[in-house]
Amino acid sequence: MERRKLTKEDIDKVRNIEGFPLGTDEDIIALSDAPFYTACPNPFIEDFIKEYGTPYDEETDDYHREPFSDDVEENKHDLIYNIHGYHTKVPPKAIQTYIQHYTSPGDIVFDGFSGSGMTGVAAQLCGDGFASEGARNAIISDLSSYATFISSNYNRPNDVNTIDALEHIIDSIESQYGKYYSTIHTLNGKIQTDFNGNPIMGKINYVVWSNVYFCPHCGHELNYYRVMILNGAKSTEKKIKCPNCSAVTDRTKLEIKYQVQFDAALGETSKTPEHVPVLINYSVGTTRYTKEPDEEDLRKIREVEVKPLKSHPTNMMIHGDETERLFRVGITHVKQLYPTRTLFFLSEFFDRFKDDNKKMFLFTSALPKLTILNRYMPEHGSRALVGPRAGTYYLPNLFVENDVIGQLRFQLNKLKNLYYKKGNVLVSTQSTTDLSNIPTNSIDYCFIDPPFGANIMYSELNFVAESWLRITTNNTKEAIINKAQRKNIPEYQELMTKCFSEIYRILKPSRWLTVEFHNSKNAIWTSIQAALGVAGFIIADVRVLNKEKKTINQFTAAGCVDQDLIISAYKPKEKFKKEFLLHAGSSETAWAFVRQHLANIPVVVVKNDRIEVVAERQAYLLFDRMVAYHIMQGIPVPLDATDFYRGLDEKFLKRDNMYFLPDQVNEYDTARITTEVENIQFELFVTNEKSAISWLYQQLDEQFCGPQTYAELQPKFMQEVKAVDKYEQMPELATILEENFLQDEKGRWYIPDVTKEGDLVKLREKNLWKEFEGYMNSKGKLKLFRSEAIRVGFSRLWKEKNYKAIVDIAERLPEQTIQEDSNLLMYYDISLGRV
């Protein structure tokens, strides 16, 4: 595609797409580099797909991949990765591995939460190097104008002329104003001079500034650095002793000393926390020194404070969960986050950079290390410059004022490494809740690392940099949990469902979506699973991403989500969906689902010469996936667990408690001859009845410990029982064993044979239904209950199409009970819609 200028007519075509940013058309046009990057929804996507994509034809399509299950390297020291910072980033070479597995050269990859654009970089890197197999094309988008701006620069080649121009501008400003980053070399209070008797000047690396407080007991002024750091306390110390009255006070209870001054650019008087310079780190030659600021240093600061500023942000910060901590102390405008000298230099550079996209890329890459959020922690020794605290507007007691010129030179040296361009990458600024500018069934693979709950407030944290770009995020459709935006788990799930539904629509059938998930809350994990299911995706594999060991391991414990996960989900073929709905109400839908699901999950996974158990091939997960898919399609679940397990043994081949299609079992048997099946003890915490049953199935499995007596099981069970859900009426171990397992003549409990356990399952479900009927006949909120009884009850009510009863009981349960169980959540959501 040839480069062209974005016009207002182009913008009008996409103005109504969700996520259209906040800014003037003129600024959007100035920042864009059409057609490959627009600072608004990209109106050229369809042209891009026509030129580089391949039309989908289900009749001739023979695509097939199993979910990716090999080890992945996450190298965060990659030169490309570190050129420009962002809140969350996945190293491009890790994404490259997934892209090469799921796609062929020339395919189109999509990332709707692109962040800094690493998916686009990864698509290009597929064509890089000696053993390359061919670059892929990519369409990447993000709600944040800052994110897509970074993405656009990461995904277009460097211009040698631009690098030279940047160096020239830095040299020019240093020659004009470099004196403001110089200081007199002083040792032991004595000025050092050269052979001519002139003071030796050092180059300032950084200046440490300290907060100033008042003691709440005596009103004495406290310089935090002098009272705490010079007396050996850590910068994180929570208690402070007043040197005047000796009262010990919690740091958060100190009274802030404010500085009141008129700001001509804002046209108002501001009242912000006072900071004073306390330490200067500088270099003479290659040797570093430190000193207290002298009168000459203070004079230079005062001199630069009165210098007129060129163009700079004068806008107010947005109100939000994170920014409120700034408003509480009087920091209301973007410019107040910068030391005065820093703001002066930034305005000078901005004046020379603002009309060039690549120059602004350098400018924004230095911004995070130039605010008053930049922490100084001397207890870390030579690494005392720890930077701002990630993901928050935390205001430290000691902040670092870095040399702007030095920071830009440092970033420029990294920018020189940005040399690659093998594929075509198109960047768009919009919400993934609305991808109407992307045709249906046009994308070959999706990799996303979306926001997860309240982890990071992207629009708030990006606002400062976006203020320099003059285009800010429209966060109406931002998929986060945020009190200021009035978004909680239901709103978050609804937005993620819209996103996944749009991704499902644009993805070609039988293709894959990879989701990197990182959140420690079960409710968020459940929301993601439910959103994927409602959209139509089928989860085929979930693995733990171990960033320290750089490997991924299969994940099965539903309550253990405190690690990064890699979720692999696929879009079923249209033919399967049509036949599935055609046979609604018959048992054939269950077996049709199992057949196509087994065809899409790994046949055999060998690690370190051992065969891993593929959890998705085990009966209980096949049953869960089958039930979930029926619920999502809004049709009756045709089989209960008893009939389903019996049918599995009749219709499919079983090896090592896993089920296979006839054309798969030979591959597994061949691998089985030369390798051992690994005895995996899945990490599983017992927090409720369901996880207790799963733990017992694991313990009693012949490949683990096998049949055991109550006396053998009880002490181990007590060790595994963690914090039981507070609303869970947890049965005794003896009751769980009696309802779910059988005893042999030696008194050992064992797992029933699925072909013989029908009566046991039916008896258990009968008892649980009686329990559930008791809940239905009671009134008010349910404060204690068996969650297994709720599952059995919802399942029967669903079969009876009694949606109102499901909604009534669900609304009497604690919110977390529904939010943390994906099947209950699906029953409730769909029943609510039908009621």
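A helix here is a DSSP run of H or I at least four residues long, numbered from the N terminus. With that in hand, and bearing in mind that this is a predicted model, let's start at a pocket. H13 (404-415) is the element that gives the most to the lining of the second largest pocket, with five residues. Around 48 residues in total, the lining has Ser 365, Pro 368, Lys 369, Gly 387 and Pro 388 among those that lie nearest the pocket's centre. Besides H13, the elements giving two or more residues are S6, helix H12 (357-366), strand S16 (385-387) and H14. The space inside comes to about 1,300 Å³.

S6 is a good thread to pull next. Strand S6 covers residues 201-214 and pairs with S17 in the antiparallel sense, over five bridges. If you want a register mark, Val 207 stands opposite Glu 401 of S17. S17 itself runs over residues 398-402, and five of its five residues are buried, leaving the strand mostly covered. In a regular strand, side chains alternate between the two faces of the sheet. So which residues of S17 sit on which side? Leu 398, Val 400 and Asn 402 are on one side, Phe 399 and Glu 401 are on the other, and all of them are buried, which leaves both faces covered.

Another enclosed element is helix H5, residues 118-125. Eight of its eight residues are buried, so the rest of the structure largely encloses it. The buried set is Met 118, Thr 119, Gly 120, Val 121, Ala 122, Ala 123, Gln 124 and Leu 125. What does the covering? The list includes two helices, H4 (92-102) and H6 (145-154), along with strands S1 (108-111), S2 (137-142), S18 (425-429) and S19 (443-448).

H5 also leads us to a void. Rolling a probe the size of a water molecule over the atoms shows where empty space is left. A search of the whole structure turns up two cavities of 30 Å³ or more, and the largest cavity has a volume of about 330 Å³. Its lining has 31 residues, and Phe 113, Ser 114, Gly 115, Asp 142 and Asp 449 are the ones that lie nearest its centre. H5 and helix H14 (458-469) each supply at least two residues of that lining. H14 is a name you've met already, as it also gives two or more residues to the lining of the second largest pocket.

Now for the nonpolar packing. The largest nonpolar core holds 159 residues, and the members touching the most others are Phe 345, Phe 349, Phe 644, Leu 648 and Phe 794. Helix H19 (residues 619-633) gives the most to this core, with nine residues. A second, separate core has 45 residues, including Ile 503, Leu 507, Val 544 and Ala 569. Back in the largest core, take Phe 794 as a close-up: leaving aside residues up to four places away in sequence, Phe 794 touches Phe 772, Ile 806, Ile 809, Ala 810, Leu 813, Ile 818, Leu 824 and Tyr 827.

What about the cysteines? The disulfide count comes to zero. The cut-off for a disulfide is two cysteine sulfur atoms within 2.5 Å. Cys 242 misses it because its sulfur is 3.7 Å from the closest cysteine sulfur, in Cys 218, too far for a bond. For Cys 40, the closest cysteine sulfur is that of Cys 499, 19 Å away, so a bond is ruled out there too. Both cysteines count as buried, Cys 40 at 0% relative accessibility and Cys 242 at 2%.

Finally, a few backbone oddities to check in your viewer. Ala 34 and Pro 35 are joined by a cis peptide bond, with omega about 5°. Pro 35 is in the loop between helix H2 (25-31) and helix H3 (45-52). Two residues other than glycine have a positive phi: Asn 188, at about 50°, and Ser 510, near 70°. Are they buried or exposed? Asn 188 is exposed, with a relative accessible area of 85%, and lies in the loop between strand S4 (186-187) and strand S5 (190-191). Ser 510, by contrast, counts as buried at 10% relative accessibility, and lies in strand S20 (residues 507-517).

Conventions. Residues are numbered from 1 along each chain as its sequence is written. This is a predicted model: local features need pLDDT of at least 70, side-chain atom pairs count only at pLDDT 80 or more; totals for chains, interfaces and linings use all residues. Side-chain values use heavy atoms; hydrogens and water are left out. Buried means under 20% relative accessible area, exposed over 50%, partly exposed in between (1.4 Å probe, protein chains only). Two strands pair if DSSP finds at least two bridges between them. A nonpolar core is a set of buried Ala, Val, Leu, Ile, Met, Phe, Trp, Tyr and Cys residues joined through side-chain atoms within 4.5 Å. Contact means heavy atoms within 4.5 Å. On a 1 Å grid over the protein atoms alone, a cavity is a set of points where a 1.4 Å probe fits but cannot get out, and a pocket is an open set with protein on both sides within 12 Å along at least five of seven lines; lining residues have an atom within 4 Å of a point. Grid points are joined across faces, edges and corners, and a volume is the space filled by probe spheres set on the points.
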